[in-house]
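Q: I would like to learn how to read the features of a protein model one at a time, starting from strand pairing and ending at the places where space is left open or enclosed. Could we take them in turn, with the general idea before the case?

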Amino acid sequence: MARKKIALIGGGQIGQILALLAAQRELGDVVIFDIPQLEGPVKGKALDLWESSPAQGFDADLQGTSDYKDIAGADVVIVTAGLPRKPGMSRDDLLATNVNIIKNVAENVKEYAPKAFSIIVTNPLDAMVSTFHKVSGFPKNQVAGMAGVLDTARWRAFLAMELGVSIEDIAGTVLGGHGPTMVPLPRLTTVGGVPLMELLDAESIERISKRTREAGTEIVKLLGNGSAFFSPAASAIEMAEAYLKDKKRVLPCAALCEGEYGIDGLFIGVPCKLGAGGIEKIYQIKLEADEQALLDKTVEAVKKTLSEVKL
Ligand code: TXD
């Protein structure tokens, strides 16, 4: 069976880590696309990564390009094309510039890789995945935004740090928009089956929930130039792997809700079954009143950002 093909639209901080992780996991052949002004650097990155393959022991063809024809037939497309935040910027500050970039990307993916499962990473995430879906015209199961996997990873990482336990044994999820209104769910978080709320007091849980909501900004401030890239790349690869290997993972993805959670026609972070059919199912959680109120708030925040998208 021929190797799968992964197209990375955007070969910057996250894009190059995506290429490394996809190659190391032998998910398939990798094409990294970037703008013509960066044709040299993106070809150089792909060639350099290829030259690391003997030492790393992976078999994968790696190609850098600024010609969209080279993404033809991709099984998965991961889109990081766009500007990242600088210190002091909100994700919404990126909207005007990145919506134009995503429109152009969606038109080209529609033309050259119409069957691909598309994972959108670019910020402001919820508006960008919605824009990509609208412009590409792809069915809703074929488009997902990557945010909840990262936000949940951060929630789990901070809890593991606090509790002194393995990250492997912390299970939980984060709902909603990829921003300060996201909704970690302490009530549904467990530590090796032990309810989190039996292990940590409310004050500690709120402190960690707040750090999770602000984790992206914390990294932007520390880096001083650009935003997180290891953890977003690892999160997007987890989604791509679920699709490529038909793993039926249940992961929080920005998916189009059409009635689920009482939401109609909005991409928002919800628990999804991810397999060869893309977003195969959205799971509805019976939320308690306080959780529902937080979900309503994040839905409003996403709607507000979306209202500023000029297509
Ligand atoms: O959880 C999440 N979804 C977020 C997403 C986590 C962290 C960062 N997130 C966002 O991803 C970030 O705010 C940015 O909007 C994107 C990409 O972040 P990255 O750090 O990779 O930005 P870079 O290093 O600037 O890379 C962007 C690349 C760069 O090489 C540009 O030349 C390219 O995108 N680019 C384009 N590629 C294709 N087509 C067009 N038009 C284009 N414009 C720029």
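**Reading the features in turn**

A: In S14, the residue that bridges to Gly275 is Gly278, and since this is a predicted model, that pairing, like everything that follows, is a computed feature.

Q: In which sense do strands S13 and S14 pair, and over how many bridges?

A: The general idea is to look at the direction of the two strands and then at the bridges between them. Here strand S13 (residues 264-275) and strand S14 (residues 278-282) are antiparallel, with 4 bridges between them, and they make up a hairpin in which 2 residues separate the one strand from the other.

Q: How should I think about side chains along such a strand?

A: Side chains in a regular strand point alternately to one face of the sheet and to the other.

Q: What is the order of the strands in the open sheet of 3 strands?

A: For a sheet, one reads the order across it and then asks where it ends. In this model the order is S7-S10-S11, and the pairing is antiparallel; strand S7 (170-171) and strand S11 (194-195) are the edge strands, each pairing on one side only. Between S7 and strand S10 (residues 190-191) there are 2 bridges, and Ala171 is found opposite Thr190 of S10.

Q: Which backbone angles deserve a second look, and where is the cis peptide bond?

A: Two angles are useful here, omega for the peptide bond and phi for the residue. The cis peptide bond is the one between Asn123 and Pro124, with omega about -10°, and Pro124 belongs to the loop that runs between strand S5 (117-120) and helix H5 (125-136). As for phi, Lys248 has a value near 55°, which is positive although the residue is not glycine; Lys248 sits in the loop between helix H9 (230-244) and strand S12 (249-258).

Q: Which residues come nearest to the ligand?

A: A reading of the ligand's surroundings begins with the neighbours and goes on to atom pairs. There are 27 residues around the ligand, and those that come nearest are Gln13, Asp34, Leu83, Val121 and Met146. Turning to backbone N or O atoms, one of Leu83 lies 2.7 Å from a ligand oxygen atom, one of Gly12 lies 3.5 Å from a ligand oxygen atom, and one of Met146 lies 2.8 Å from a ligand nitrogen atom. On its own the ligand has 880 Å² of accessible area, of which the protein covers 89%.

Q: What is the volume of the largest pocket, and which residues lie nearest its centre?

A: For a pocket, one takes the volume, then the lining, then the chemical classes of that lining. The volume of the largest pocket is about 890 Å³, and among the 40 residues that line the pocket, Thr80, Ala81, Gly82, Leu83 and Pro84 lie nearest its centre. Helix H1 (13-24), helix H4 (95-112), H6 and helix H8 (215-223) each contribute at least two residues to this lining, whose make-up by class is 20 nonpolar, 15 polar and 5 charged residues.

Q: How many cavities of 30 Å³ or more does the structure hold?

A: The cavity is read by the same steps as the pocket. The structure holds 1 cavity of 30 Å³ or more, and the largest cavity contains about 50 Å³ of space. Its lining includes Asp126, Asp151, Met182 and Gly269, while helix H6 (148-163) and strand S8 (174-175) are the elements that give two or more residues to that lining. By class, the lining has 5 nonpolar, 4 polar and 2 charged residues.

Key. Residues are numbered from 1 along each chain as its sequence is written. This is a predicted model: local features need pLDDT of at least 70, side-chain atom pairs count only at pLDDT 80 or more; totals for chains, interfaces and linings use all residues. Side-chain values use heavy atoms; hydrogens and water are left out. On a 1 Å grid over the protein atoms alone, a cavity is a set of points where a 1.4 Å probe fits but cannot get out, and a pocket is an open set with protein on both sides within 12 Å along at least five of seven lines; lining residues have an atom within 4 Å of a point. Grid points are joined across faces, edges and corners, and a volume is the space filled by probe spheres set on the points. Ala, Val, Leu, Ile, Met, Phe, Trp, Tyr, Cys and Pro count as nonpolar, Asp, Glu, Lys and Arg as charged, and the others, Gly among them, as polar. Two strands pair if DSSP finds at least two bridges between them. A residue is near a molecule or strand if one of its heavy atoms lies within 4 Å of it. A polar contact is a pair of N or O atoms within 3.5 Å; within protein, one must be able to donate a hydrogen and the other to accept it, and residues adjacent in sequence count only if both atoms are side-chain atoms. Accessible areas come from the Shrake-Rupley method with a 1.4 Å probe; for residues, only the protein chains shown count as cover.
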